[in-house]
Amino acid sequence: MSMDTNQRLLDKLQRDLASAGAMPLYLRFNESVRQAIDQGVLSQGDFLPSERHFTDRLGISRITVRKALACLEQDGIIGRSRGYGTFIQPQQPEPKLAYSLADVKGFSREVMLQGRKPDTVWISREQIPADPALAAKLALAENTPVYKLKRIHFIDKRPMSVAVSYVVAEAIANVEDIGVSLYDYFRLNNVELGSLRSQVSAAMSDDETLQALQLKEPMPLLIVRQTLFDSGKKPIEYSESFCRSDMYEFISED
C-alpha cells in the first residue's frame, strides 16, 4: 500500500469511527474497510497497516482491531501472509439476483430463497391524492388518497434498488407497521395477492439515485414498473423500481 493510500484509509477510518454512535467500533471498522474497497480507496493486493499502526493512529484498542480484521478475514475480504502482512483479497463478482417478473413473491422472499439477506431502508411514507395517471393505474377516482412508499432495497448490506410504491389506502391499516417487506405485510394483514403485470425499460441514473445506491459514477438502471392485483383482480399497488443493471437478472414467465 502506498503512503497516499495508507493515509486515505486511515483518514476514512478516523472519520467513520468518530461517527460510529452506538455501533460497536469493530463493526464500524469492518464496514469502513468494505466501503474503502467499494469506493476505490483500497484495491486487490493492497497491504493494510499493522495492528499496532491502526491502534496508535486511531486511538482504539488492539482487541478492537483484531476483532474487526478477524471478521473481514472470515468473510474473505482480507488475507494474511506470514512475514508480509494483511492484504485485500481478490473479490469474487457478486451473483446477480434472479428476479421473477410474474411470480408474486416480492423482493425479500426472492432474495431469501437465493440464500442471501434482504433489508430495507425507508426514505418516506406518506399519503397523497392520486393524480389522473395514478388513479387510472389503480382504478380509483382522481384525488383518492393513496400511500406513497419510498425505500432502498439492500442485499447483503449492499444497496440494489430504489423502489417507489403507490398503494390503495384500504390495503394498509397502519403504514408504520410495514417492515422489510411490503408483500409480507399484505400477507400478514390478509390481503390476498393475485397476479403481477410488469414492464421493464432502461435509463441512466440521476443524482438522487446515484446517491441512494452509493454509486461512484452514473450507470444504466433497469426500471421495473409493476401493477399488483389482488385475488379478485383489483389493482392494489403500482410500483416503480430503479435497479442496478449489473446486479439484476429478470425472468419473464407465462
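**Exercise 1. Work out which elements each supply at least two residues of the lining of the second largest pocket in this predicted model, and describe that lining.**

*Solution.*
Step 1. Look for the contributing elements: strands S6, S7 and S8 and helix H8 (207–212) each supply at least two residues.
Step 2. Find the largest share, which comes from H8 with three residues.
Step 3. Go to the centre of the second largest pocket. Of its 14 lining residues, Val 162, Asp 206, Glu 208, Thr 209 and Phe 242 are the closest to that point.
Step 4. Sort the lining by class: nine residues are nonpolar, two are polar and three are charged.
Step 5. Add the volume, about 180 Å³ for this second largest pocket.

**Exercise 2. Describe the largest pocket and explain where it lies with respect to the two domains.**

*Solution.*
Step 1. Begin with the volume of the largest pocket, about 1,500 Å³.
Step 2. Turn to the lining, which has 37 residues. Arg 34, Asp 38, Glu 94, Asp 156 and Arg 158 lie nearest the centre.
Step 3. Trace the elements that give two or more residues: helix H2 (25–38), helix H4 (62–74), strand S5 (145–155) and strand S6 (158–168). H2 gives the most, with seven residues.
Step 4. Classify the lining residues, and you get 16 nonpolar, eight polar and 13 charged.
Step 5. Now bring in the domains. Both domain 1 (3–88) and domain 2 (97–251) give residues to this lining, so the largest pocket lies between them.

**Exercise 3. Lay out the order of the six-stranded sheet and explain why S4 and S7 each have a side without a neighbour.**

*Solution.*
Step 1. Write down the order of the open sheet, S4-S5-S6-S9-S8-S7, and note that the pairing is antiparallel.
Step 2. Check the edges. S4 (118–129) and S7 (193–204) each have a single partner strand, so one side of each is left without a neighbour in the sheet.
Step 3. Follow the twist, which averages 15° from one strand to the next.
Step 4. Take one pair as an example: S7 and S8 (residues 220–230) run antiparallel and share 11 bridges. In this pair, Ala 203 stands opposite Leu 221 of S8.

**Exercise 4. Find the mean pLDDT of the protein and the elements with the lowest and highest mean values.**

*Solution.*
Step 1. Take the protein as a whole: the mean pLDDT is 92, and 98% of the residues reach 70 or more.
Step 2. Compare the elements. Helix H1 (residues 3–18) has the lowest mean, 89, while helix H6 (residues 132–137) has the highest, 98.

Definitions and conventions: Residues are numbered from 1 along each chain as its sequence is written. This is a predicted model: local features need pLDDT of at least 70, side-chain atom pairs count only at pLDDT 80 or more; totals for chains, interfaces and linings use all residues. Side-chain values use heavy atoms; hydrogens and water are left out. Two strands pair if DSSP finds at least two bridges between them. Helices (H or I, at least four residues) and strands (E, at least two) are DSSP runs, numbered from the N terminus. Axes are lines fitted to C-alpha atoms, for helices over the stretch in contact, and angles run from 0 to 180 degrees between N-to-C directions. pLDDT is the predictor's confidence in each residue, from 0 to 100. On a 1 Å grid over the protein atoms alone, a cavity is a set of points where a 1.4 Å probe fits but cannot get out, and a pocket is an open set with protein on both sides within 12 Å along at least five of seven lines; lining residues have an atom within 4 Å of a point. Grid points are joined across faces, edges and corners, and a volume is the space filled by probe spheres set on the points. Ala, Val, Leu, Ile, Met, Phe, Trp, Tyr, Cys and Pro count as nonpolar, Asp, Glu, Lys and Arg as charged, and the others, Gly among them, as polar. Domain bounds come from an automatic or database domain assignment.
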